[in-house]
Amino acid sequence: MQDPQPDFRPRPGQPEELAPGLRRILAPNPSPMTLRGTNSYLLGTRGLAVIDPGPDDPAHLDALLAALRPGQHITHILVTHAHIDHSPLARPLSEATGAPVLAFGDATAGRSEAMQALAESGMMGGGEGVDADFAPDEILADGARVAGDGWTLDALHTPGHFGNHLAFAWEDALFCGDLVMGWASSLVSPPDGDLTDFMASLARLSAHPWRVLHSGHGAPVDAPAKRLAALRDHRLMRERQILAALDEGPADATELTARIYTDIPPALRPAAARNVLAHLIDLHARGHASTPGTLTENAVFQRV
């Protein structure tokens with residue numbers, strides 16, 4: 001498989017300055033879903049905010065603490081969402097520094113009514129790694145402002161990839177978590193992911209002239225408007241493919257994935273099937289697809 005960002009090769013654990021008062025430290029958790037690993041961000045010059053502390057890895061905890069310069073200390077720990085590659089280190093880092101953990105809520109917060117109903121019916125996630133034990137010290141509602149030592153962040157609730165997903169606006173830059181990445185489209189896996197919410201979040205971000213997006217994985221996105229439009233168009237293209245595949249006959253998400261995704265490694269097919277399922281649920285809600293039974297990961301859909 002071709003490397004999607006061959007020039008993005010930071011060394012895990014080594015701070016890199018991205019802008020005055022902003023550094024990135026890569027966690028050592030590379031995978032097909034995380035590219036090189038999780039990006040943790042240190043914002044500020046004295047009292048620092050850590051955005052997305054990352055996986056529960058003692059080496060990464062040591063790297064974050066070692067990055068503190070004389071006179072610096074961590075005052076805030078902000079989490080974009082409760083996946084195991086973003087949030088588990090928040091508690092150990094808080095215990096080591098005394099800084100509170102701030103987020104939209106626990107791993108079930110922010111779900112739409114439709115996704116909550118699916119969860120209550122027994123639909124499970126697709127194995128993406130939910131940090132079910134995550135619990136912030138302070139809740140950040142949509143539009144909340146967090147002010148620190150020379151920096152200010154505005155929290156934007158941006159569900160879609162995950163119900164409790166937040167993005168953090170820092171002037172004309174945005175820490176966008178896993179909602180937007182430059183190297184791949186985001187996974188949307190029900191009931192934690194919601195395609196209807198995802199499209200709405202893309203539209204919300206598209207209404208602002210961001211200068212740069214700092215994502216949870218991969219290099220900074222230097223052309224935000226173009227990337228947001230590309231992600232929207234990609235989803236609309238995938239919707240057309242799914243509807244065309246349903247024209248061939250009723251099928252479940254796994255079979256549709258085999259019809260549509262003909263050029264991806266087998267290891268990525270389960271994630272692709274979850275994305276297809278997200279589209280099917282959205283199409284079902286909008287009256288473009290139906291299923292004779294209840295909505296489950298194995299439901300068979302047909303074109304309406």
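Helices α5 and α6 are roughly perpendicular to each other in this predicted model, because their axes cross at roughly 105° and angles of 65 to 115 degrees count as roughly perpendicular. Besides this pair of helices, the briefing looks at strand β2 and at the two strands that pair with it, β1 and β3.

**The helix pair**

- Helix α5 spans residues 224-247 and helix α6 spans residues 253-260, and their axes come within 10 Å.
- On the side of α5 the contact is made by R238, Q241, I242, A245 and L246, while α6 contributes L256, R259 and I260.
- Sorted by character, the residues of this contact between α5 and α6 comprise 5 nonpolar, 1 polar and 2 charged.

**Strand β2 and its surroundings**

- Strand β2, made of residues 22-26, is mostly covered, with 5 of its 5 residues buried.
- In a regular strand the side chains alternate between the two faces of the sheet.
- In β2, L22, R24 and L26 lie on one side and R23 and I25 on the other, and both faces are covered, since these residues are all buried.

**Pairing with the neighbouring strands**

- Strand β1, residues 16-19, pairs with β2 in the antiparallel sense over 3 bridges, and E17 stands opposite R23 of β2.
- The hairpin of β1 and β2 has 2 residues between the strands, and within this hairpin G21 takes a positive phi near 85°.
- Strand β3, residues 39-43, also runs antiparallel to β2, to which it is joined by 5 bridges, and the bridge partner of I25 in β3 is S40.

Note on methods
Residues numbered from 1 in each chain as written. Predicted model: local features only at pLDDT ≥ 70, side-chain atom pairs only at ≥ 80, totals over all residues. Heavy atoms only, no water. Axes fitted to C-alpha atoms, helices over the stretch in contact; angles between N-to-C directions. Helix = DSSP H or I, 4+ residues; strand = E, 2+ residues; numbered from the N terminus. Parallel < 35°, antiparallel > 145°, perpendicular 65-115°, else oblique. Contact = heavy atoms within 4.5 Å. Nonpolar A, V, L, I, M, F, W, Y, C, P; charged D, E, K, R; others polar. Buried < 20%, exposed > 50% of the residue type's maximum accessible area, 1.4 Å probe, protein only. Pairing = 2+ DSSP bridges.
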